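Trainee: I am new to this structure and would like a close look at one part of it. Could you walk me through how the pieces meet?

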Amino acid sequence: MLASLRTDLEIARRGYLRYAAYPAATAAGAFTNIIFGLMRGSVLLALFAERERIGAYDAAATIAYVWLTQGLLNVVALWGWQELALRVRTGDIATDLIRPIHPMRTALATDYGRAAYQLIFRGIPPVAVGVLAFHAVLPADPLVWLAFVASLGLAVAVSFGFRLLYNLAAFWTTDTRGTMILALVVMSVFSGFVIPIQFFPPWLAAIANATPFPAMVQTPVDIFVGVTRGPAILVALAGQLGWAAGMLLKSYWVFALGTRRLVVQGG
Amino acid sequence: MPAIELEHVGKDFVVRRAAGRFRRRTDVVHAVSDLSFSVEPGSLVGYIGPNGAGKSTTVKMLTGILVPSRGRISVAGLVPTRQRTKLAGRIGVMFGQRVQLWWDLPLIESFELLRHIYRIPSQIYERNLSAFRQLLDLDKFLWTPVRQLSLGQRIRGELTAAMLHDPEILFLDEPTIGLDVVARQRVRELLLSANRERGMTVLLTSHDLTDIERLCSRILIIDRGRLIFDGDVDTLKARYGKERVLVVDLEEPGPALQLDGARVIRVEGPRQWIAFDGERLSAAQLTAAAAAQAPLRDLTVQEPEIEDVVRRIYQERL
């Protein structure tokens, strides 16, 4: 058990190091995130010229929302991830199958390493800009921080499960760019990244909340900005846990199906 | 119990292609038609065949990556596709054309990671790694990211990665691709010592037949998905390489010699190459017959090279 956890940690560490190998890309990305934060912030704040609150969001919560979502964008890999699809396409997936641990476990551990790196180097800069330049308010209660970290951990798992699904389409279609672009559009709208789900008309919010997407962004953000508070946090976390388990199980199943029909091209 | 056993194994691929504007035709390609052989533990077997013969497909079925369409496979007593993960800990696999190392990380990080993935005891890990570092000369690029390695360096890294955990059975698909003469020789020594000292079973595909000749006590030749030869190098040469070549230098350039039971296959100035069946005619008889027709200045006899033998097999589809 302990040795098993050690293996996962070692894999995660390499996932982290892989991203750490490209610091210039990270810096450029963080800079872009900040620029887009400025744009999104000014657009969303304009809404509050007319009214005080939209759902549970007021102007202060919205400022925190904007900078936090800019920071989390890469942690939950909202703009896409097609590593596994490429491995299926090139046939390199073959080398993942000759390891004594399940490829999905390797991929999940690697993804947590990636998420940790993105949290530190792509997550903190936009939030810092939000706090320093726009007075975004950070949670004061350490319990809220704890809940936020747990929620973020689950958000990565839900996002990973979903990303795996559209990547696994490569087992059937070989080229997954179309599938991925569709997935990204749906994901960025229904996760509550573009605007908070509370801003949606009720019928659209109902649809969004029936999908796993809010568990990737909206749930941790609501905890962070204080829209979800008290015992509701536990309910939110339980919901995320359910989505995480569901998505991982589903992708595990699809992975098994894909492997069964696997044809490694050439080589 | 054999280390590897195949009984009437076949693998078909379904290929769909356009036939006309809207119609598609479905073709079934038999990559492997009907393959049966077994390999005893501790043997070093060369698995060769022309391009597209079904070598890689076989290796993939043996390692559990591809599901055979028919037949039965057993590797280390396990059924590869059904017990793939369990089998993975006991075998080592290297595909010369695939990157198994972590592309963005220094080479040493891949080794460290494999150590944890395979749960290699640190004693064995240290011992193996230092042996490979020395034998394959890894130190110069051990801390270089894999993406910056040359092909030869990467292949040496891949080979180390496949063998770090002391596998019982090693599958190597083109393990010396892109290596220079020195590195090639080192890889051969490494494989021989692993085989002799640790009893590692090795199944190796290579287009470099010198590898096969130097290393393998047994050769399997596959063509169009069928086994067409199973035996050692000498048997191979004896069976397919009966043709020897006498090279004679005449005093004066002249027309091709006319000799019974032999034929001139090449003429270059005064030098002529005469092919003959070594079982029906001796080199001495042929030399005497040639000397009777034209004065000779020099002569050599070329024994069949494994390259030529195998080329003949591939070309003539024996």
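Mentor: Happy to! Buried area is the accessible area, taken with a 1.4 Å probe, that two parts lose on being put together, summed over both. Please keep in mind that this is a predicted model.

Let's look inside chain B, which is divided into domain 1 (4-231) and domain 2 (242-316). Taken over C-alpha atoms, the centres of domain 1 of chain B and domain 2 of chain B are separated by 40 Å. Between them, these two domains of chain B bury about 670 Å², with 76% of it on carbon and sulfur atoms. On the side of domain 1 of chain B that touches domain 2 of chain B, the elements giving two or more residues are helix 7 (209-215) and strand 8 (218-223) of chain B. By class, that side of domain 1 has six nonpolar, one polar and one charged residues. In total, eight residues of domain 1 of chain B are in contact with five residues of domain 2 of chain B. The count of salt bridges between domain 1 of chain B and domain 2 of chain B is zero. For residue pairs in polar contact, with both at pLDDT 80 or more, the count between these two domains of chain B is zero as well.

For context, chain B also meets chain A, and that contact takes 30 residues from chain A and 30 residues from chain B. The area buried between chain A and chain B is about 2,900 Å², of which carbon and sulfur atoms give 59%. Four salt bridges are found across the interface of chain A and chain B.

Terms used:
Residues numbered from 1 in each chain as written. Chains lettered and ligands numbered in written order. Predicted model: local features only at pLDDT ≥ 70, side-chain atom pairs only at ≥ 80, totals over all residues. Heavy atoms only, no water. Domains from an automatic or database assignment. Contact = heavy atoms within 4.5 Å. Salt bridge = Lys/Arg side-chain N within 4 Å of Asp/Glu carboxyl O. Polar contact = N/O pair within 3.5 Å; in protein donor to acceptor, adjacent residues only side chain to side chain. Helix = DSSP H or I, 4+ residues; strand = E, 2+ residues; numbered from the N terminus. Nonpolar A, V, L, I, M, F, W, Y, C, P; charged D, E, K, R; others polar.
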